[in-house]
Amino acid sequence: MSKAKAAPPPGCTLNINDPQIQEAAIRIQASYRGHRSRKELREKGPPRILQELKDVVLLEGSAAKLECRVSAFPDPFIIWSKNGQELKDGSKYRYVFEDPDFVALVVRDGELSDLGKYTVTIKNPFGQTSGSACILVEVPAKISKGPGNVKSKRGSTVVLRAEISGEPPPDVAWLKDGDDVDEDERLFYDVGDTNTILTIKNAKPSDGGKYEVFVENSLGTDQSFARVDVL
């Protein structure tokens, strides 16, 4: 003996002939078609950068990451370059794909030569786009090679040279026996990008002594000494 089916609770039945029900169904179908069309347009369009690259500071010996958020389908082809030259994925530069929307470049073992403009190029069959940012390198002031001791004859020219580095570029000072060198036409020093040179013309016995070159920037200081004897 079959049991009679229980009637559905009030409010749980739909009359498909009801004009309001029919209108609601039409709106739902139109909304779905619009969603599908928007999705297809987004997927089939050229790549877009949704979050731009930003400049980053790289400390000497550490690593830095450049990253941006993108929209691209099918999966895009990514190229990173520095100052117009393509960078290969490897031990120094690491291509990173954190999720479908984020791409990044990790620069390892930071050094002064890493300073520059970096560009990401994103390609798919429908087009390409690109974005750029700079890596700003910070390196403590350093004297990589100090001046050597000098023995010179009276009346000769004495030259003391030191190789320096640092970013921001360091301030440079020369001292003699603990006091700042007073420059004139006979005794003076020059500061270049990678070195500093102290020159003593027509050397005299009184020019003999202990000379110090001192470099300083916001990240550190360094110094080196040399002995000058004028015979």
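Before the first view, one term: a charged patch here is a group of residues with over 30% relative accessible area and no salt bridge, with like charges joined within 9 Å. Keep in mind, too, that this is a predicted model.

**Figure 1. A patch of negative charge sits on the surface.** Seven names to look for here: Asp 179, Asp 180, Asp 182, Glu 183, Asp 184, Glu 185 and Asp 190 gather in this patch. Pick out Asp 184, which belongs to the loop running between strand 13 (179–180) and strand 14 (187–191). With a relative accessible area of 44%, Asp 184 is partly exposed, and a patch residue has to be over 30%.

**Figure 2. Ile 135 is tucked away as a buried residue in strand 9.** Strand 9 covers residues 127–145. Ile 135 has a relative accessibility of just 1%, so it counts as buried. What does Ile 135 contact, leaving aside its neighbours within four places in sequence? Val 56, Leu 58, Leu 66, Val 107, Asp 114, Leu 115, Gly 116 and Tyr 118. Look for Val 57 as well: Ile 135 and Val 57 are 78 residues apart along the chain, yet their C-alpha atoms are separated by 5.8 Å.

**Figure 3. Leu 198 is another buried residue, this time in strand 15.** Strand 15 takes in residues 195–200. Is Leu 198 buried or exposed? Its relative accessibility is 0%, so Leu 198 counts as buried. Setting aside residues up to four places away in sequence, Leu 198 touches Val 158, Val 159, Leu 160, Trp 174, Val 181, Leu 187, Phe 188, Tyr 189 and Tyr 211. One of these partners, Val 181, is 17 residues from Leu 198 in sequence, with 9.7 Å between the two C-alpha atoms.

**Figure 4. Lys 92 and Asp 114 join up in a salt bridge.** The N-to-O distance between these side chains is 2.9 Å. Lys 92 comes from the loop between strand 5 (85–86) and strand 6 (93–99), while Asp 114 comes from the loop between strand 7 (102–107) and strand 8 (116–124), so the pair ties together parts that are 22 residues apart in sequence. Asp 114 is buried, with a relative accessible area of 2%. You've met Asp 114 already, as one of the contacts of Ile 135.

**Figure 5. Glu 86 pairs with Lys 88 in a salt bridge.** The closest N and O atoms of Glu 86 and Lys 88 are 3.6 Å apart. How exposed are the two partners? Glu 86 is partly exposed, at a relative accessible area of 42%, whereas Lys 88 is exposed, at 59%.

**Figure 6. Asp 177 and Lys 176 make a salt bridge too.** Here the closest N and O atoms lie 3.2 Å apart. Asp 177 has 45% relative accessibility and counts as partly exposed. Lys 176 is also partly exposed, with a relative accessible area of 22%. Across the whole structure there are six salt bridges.

**Figure 7. Stepping back, the protein has one helix and 17 strands.** Of the 231 residues in the protein, 32% are buried; Ile 135 and Leu 198 are among them. Looking at contacts with a separation of 6 or more, 59% are between residues 24 or more positions apart. The protein exposes about 15,000 Å², and carbon and sulfur atoms supply 50% of that area.

Conventions
Residues numbered from 1 in each chain as written. Predicted model: local features only at pLDDT ≥ 70, side-chain atom pairs only at ≥ 80, totals over all residues. Heavy atoms only, no water. Patch = residues over 30% accessible without salt bridge, like charges linked within 9 Å, V, L, I, M, F, W, Y side chains within 5 Å. Areas by Shrake-Rupley, 256 points an atom, 1.4 Å probe, with all protein chains shown as cover. Salt bridge = Lys/Arg side-chain N within 4 Å of Asp/Glu carboxyl O. Lys, Arg positive; Asp, Glu negative; His and termini not counted. Charge placed at Lys NZ, Arg CZ, Asp CG, Glu CD. Helix = DSSP H or I, 4+ residues; strand = E, 2+ residues; numbered from the N terminus. Buried < 20%, exposed > 50% of the residue type's maximum accessible area, 1.4 Å probe, protein only. Contact = heavy atoms within 4.5 Å.
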